[in-house]
Amino acid sequence: MVEVLVSWIYIGFICLLAGTAVRGLLSGRFPLSASAHLTETAVYGIAAITVFGEFWSLFGGVSAACHLCAVILSCIAVFAVPENRRLFCSLIRRIRRLFFSWQGLFYLITIAVIAYFASRGDFHADTKMYHAQAIRVIEEYGSVRGLANVQLHFGYNSSYLVFCAFFTMSWLVGTAHALHTTTGFLMALFSCYALHGLAGIQRHKRYGADAMKIGMLIYILTELYYAMSPATDYGTMLMVLYLFCAFLDNAETEGSSPAKTARYGMLSVLALFCVSLKLSAAVCFLIVLCPLVMLIRGKQGKQIMRYVLLCVIVILPFLARNVKISGWLFYPFEAIDLFDVEWKVPAAYSLVDSNQIKAWGRCLYDINLVDRPMSYWVPIWWAGQEHYEQMLIYAAVLSLPLYICDFFMALSADRKKKKKIRPEIAVFVVMMFASFAMWFVTAPFVRYGLGFLLGLPLLSIALFIENYRYTKNLFTVAGVFLSMLAVMDFAPWLDHYLTDDLVFAKHHLAENYYVVQKPFDEADMEAYDMGNGVIVYYNADATENNSYYVTPGTSYKFMIERSESMGDSVRDGFRAK
């Protein structure tokens, strides 16, 4: 736990430092608010460090040189500019005042609980299969041409793993003691953000952001057992939920101003960054409609081009890494076929991989059934869900008629000039339903769509409570009934995961991880000589686990048997035979 907490302090400090540097660079081109939010600045830093690491990985490993270079550049950008230095010092003072208060004591207890889970627990199955190995490859080599031929999962190329590699610190503490604290850090950061935002909720006039922050806390409670796992699902969903909360916070700010439009613009850039974390977040980019319409109405073409340039900077290294690792612009997505490179993963392999994701998500477990109609697979999928998962899905489905009630109640209030319908909220709700639809028709694993399954019903209830103040009609009666049903549908989910967390906390008290963190899992790996002195390791048992401690490695021997080295070193890359 001590190691985890020290690591979080360091990660937080560096993210704030990088975020302040980025904010200083952007403030001359965008009308950002004069006051900086702590969490917002840290998120700027997370995105900046990740993008910097992605660019660096195109040429070398994300290790000591990359880390020190990023820290030095951030220090120069902050401490050499008086305005940036004052901003950073004010943020540090704000943290000190916050934690040396009664409210701060509650935050410290929350952080300690998360640190307990992040020091022990279990790794997500995908972390054992490829996340940990991908992090090691990023540290050692950066990006390797055709690495996806060795194991197709590497082609998914989540930028979150670059952020994890940046703070693994194996170059300092050694491979055997490599850190994996980033997911827990995000949980701690966003827990404090949500709790701080919910303070004084009784005085709030609007509750959309509050509802989403409650959803964020429920998500963290759900995944607390895996707080130490550097899994792409968790990093992505936490950032997406922050995006939702920040968007609604901005939408609930009274009036309009250049700073409000600029924040929408920055959140749109963050939405594109979330796409680089996981392609399943692609529909979130629809929120770009809000700042785009505002800027077009204001005839600010130059400002639009600046946002476009910023988006290019954020997404370009992700796309370049995609092409280098798999030969595809997006993997596994065969529809966009732009590159003819010798290390390209064959389209047949990519198609099998994408079909497996769909088939497993639909509980079919046979890629030959992937083209079956919804009438065939939906009953099978539904039967494959646990009771508490089915209840959460019920809540999401119930949100649709509740949103209809919300709309007509708001329309009635608008006619009476008591309340205006906010177009930003309409765009947000459409984006949420579009994301839900994409999740359902592609790969409806509950964990993939948890942000939407939690957010849709909670936001619909929040909007109903807002509208209830201004109008009473038949839709109000229906809304009360639907809201009560949705709330009851959350009960089995909360009961299941809260009980699991309490049982886990009790059973792991005796484990000796109060000073150091539980290390990455071992796996039974054997060496495979690909010729020219290139060695690749493969899993020698039936677990499909990979190992962080040897690299490059694969969970599947047959994948390296159908591949070959492109030279006499790992850096030369791999291609299909």
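What share of the contacts in the protein with a separation of 6 or more comes from residues 24 or more positions apart? Such residues account for 72% of these contacts, a contact being heavy atoms within 4.5 Å.

## Basis of the model

This is a predicted model, in which local features need pLDDT of at least 70 and side-chain atom pairs count only at pLDDT 80 or more, while totals for chains, interfaces and linings use all residues. Residues are numbered from 1 along each chain as its sequence is written, and side-chain values use heavy atoms, with hydrogens and water left out.

## Overall form

The protein holds 22 helices and 5 strands, taken as DSSP runs (H or I, at least four residues, for helices; E, at least two, for strands) that are numbered from the N terminus. Its C-alpha trace spans about 80 × 65 × 55 Å along the principal axes. The radius of gyration of 24 Å agrees with a compact globule, because 577 residues would then give a value near 25 Å (taken over C-alpha atoms, the rule being 2.2 Å times the number of residues to the power 0.38).

## Burial and nonpolar cores

Of the 577 residues, 56% are buried, meaning under 20% relative accessible area with a 1.4 Å probe, protein chains only. The largest nonpolar core (buried Ala, Val, Leu, Ile, Met, Phe, Trp, Tyr and Cys residues joined through side-chain atoms within 4.5 Å) has 174 residues, of which Trp8, Phe190, Met216, Phe244, Phe428 and Phe574 touch the most other members. Helix 12 (residues 232-251) gives the most to this core, with 14 residues.

Leaving aside residues up to four places away in sequence, Met216 touches Phe190, Tyr193, Ala194, Leu238, Leu241, Tyr242 and Cys245. A second, separate core of 7 residues includes Leu402, Met409, Ile461 and Leu482.

Definitions and conventions:
Buried < 20%, exposed > 50% of the residue type's maximum accessible area, 1.4 Å probe, protein only.
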